[in-house]
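User: I would like to go through the reasoning behind some descriptions of this structure. Please set each value against its criterion.

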Amino acid sequence: MKIIKFFNPESLGNSYAVVSNKNFVLIDCSQTPESVAAQIGGFNIDKTTVGGDKANKDCLVCKGILITHVHYDHICELDKWANLGASVYATKEIFESMRTDANLSNLFSKTCDIHVPIDQRVNLDGMKEISIANLNFQLLLLKGHSKSDICYIIGDHIFVGDLIFYGGAYGRYDMFGGDIKELQKSLDRLNTLPNNFIVHSGHDKDFELGQFKPYLVC
Ligand SMILES: [Zn+2]
C-alpha cells in the first residue's frame, strides 16, 4: 500500500490517494481527475478507469472517493469525479449538505452546488468499517468541526479531515454545524488511539498522533 498526498494551492486543502496494486481510493476531493492523473501516473481518465468494471488491466482504477466532511475546500472537485461515474462514500448528512450553504463555499467566494447521483452514493451511517477493492478502512464517525466528520483508518494511518492538525491545533467549531462540546468528545476519542498512528490532515503536514496528544483539548 502506498499513500500519495495532493495539495490544492487555491483551496489549501490536502487530499490523498491510497494505492494498492492497480486500485486506488481517494480521500477527499480537492483535485481534478486531470491533476491526479498528472501526479500518480498510470491513471487514464475515462469512464473505464473510474468505475472499474471494464478497466484496462494496465491502468490504475479509482475504486471510490471517501469524504471526511462537507466543507468546500475538501470536495471542490467532486462533481468532476461523480460525472466520471465514481462511487462516493459519506454520511447522509454530508450528501445532503453538499448542495447547500453548509459546504461553506461562500467563504471561498464561490457558489458551489455539488451533486452526487443517488446510485453512486454509499451511505456510511452506522458503519464501523468498509472494504473497497482490497483496501479495508475502519471508520470513526465524529462531530464538532462540522455536523458530520469521518476519520478513516487503514493500518497505522488515519485520515482526520479538519479535526486535528500538525502542532496539536484542532478544527474550527464556530462555523455552521460546528459544536465545541462535540469537538472535545471527538478529540477525546482520537486521544484513545495508538500514539504511532500517522495522522493525515485536511491541511498542513502529516505527524505522529502521540506527538501532539497533550494539546487535544478545546
Ligand atoms: Zn473543514
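User: Which residue does His157 stand opposite in E11?

Analyst: In this predicted model, His157 stands opposite Ile198 in E11.

User: What makes E10 and E11 paired strands?

Analyst: Pairing requires at least two bridges found by DSSP. Strand E10 (residues 157-161) and strand E11 (residues 198-201) are joined by 4 bridges and run parallel, so the pair satisfies that requirement.

User: Why is one side of strand E7 and of strand E12 left without a neighbour in the sheet?

Analyst: The open sheet of 6 strands follows the order E7-E8-E9-E10-E11-E12, with mixed pairing. Strand E7 (129-132) and strand E12 (207-208) stand at its edges and each has a single partner strand, so one side of each lacks a neighbour in the sheet.

User: Why is the protein chain called as compact as a globular protein of its length?

Analyst: The secondary structure of the chain comes to 6 helices and 12 strands. Its radius of gyration is 16 Å, and the globule rule gives 17 Å for 218 residues; the two values are close, so the chain is as compact as a globular protein of that length.

User: Which residues have the most contacts inside the largest nonpolar core?

Analyst: The largest nonpolar core has 53 residues, and those with the most contacts inside it are Ile65, Ile75, Leu78 and Val88.

User: With which residues is Ile75 in contact, leaving aside its neighbours within four places in sequence?

Analyst: With those neighbours left aside, the contacts of Ile75 include Asp28, Cys29, Ile67 and Met98; C-beta atoms within 7 Å are the criterion for a contact.

Key: Residues are numbered from 1 along each chain as its sequence is written. This is a predicted model: local features need pLDDT of at least 70, side-chain atom pairs count only at pLDDT 80 or more; totals for chains, interfaces and linings use all residues. A nonpolar core is a set of buried Ala, Val, Leu, Ile, Met, Phe, Trp, Tyr and Cys residues joined through C-beta atoms within 7 Å. A residue is buried if 20 or more other C-beta atoms lie within 10 Å of its own, exposed if 12 or fewer, and partly exposed in between; C-beta atoms are placed from the backbone. Two residues are in contact if their C-beta atoms, placed from the backbone, lie within 7 Å. Helices (H or I, at least four residues) and strands (E, at least two) are DSSP runs, numbered from the N terminus. The radius of gyration is taken over C-alpha atoms; the globule rule is 2.2 Å times the number of residues to the power 0.38.
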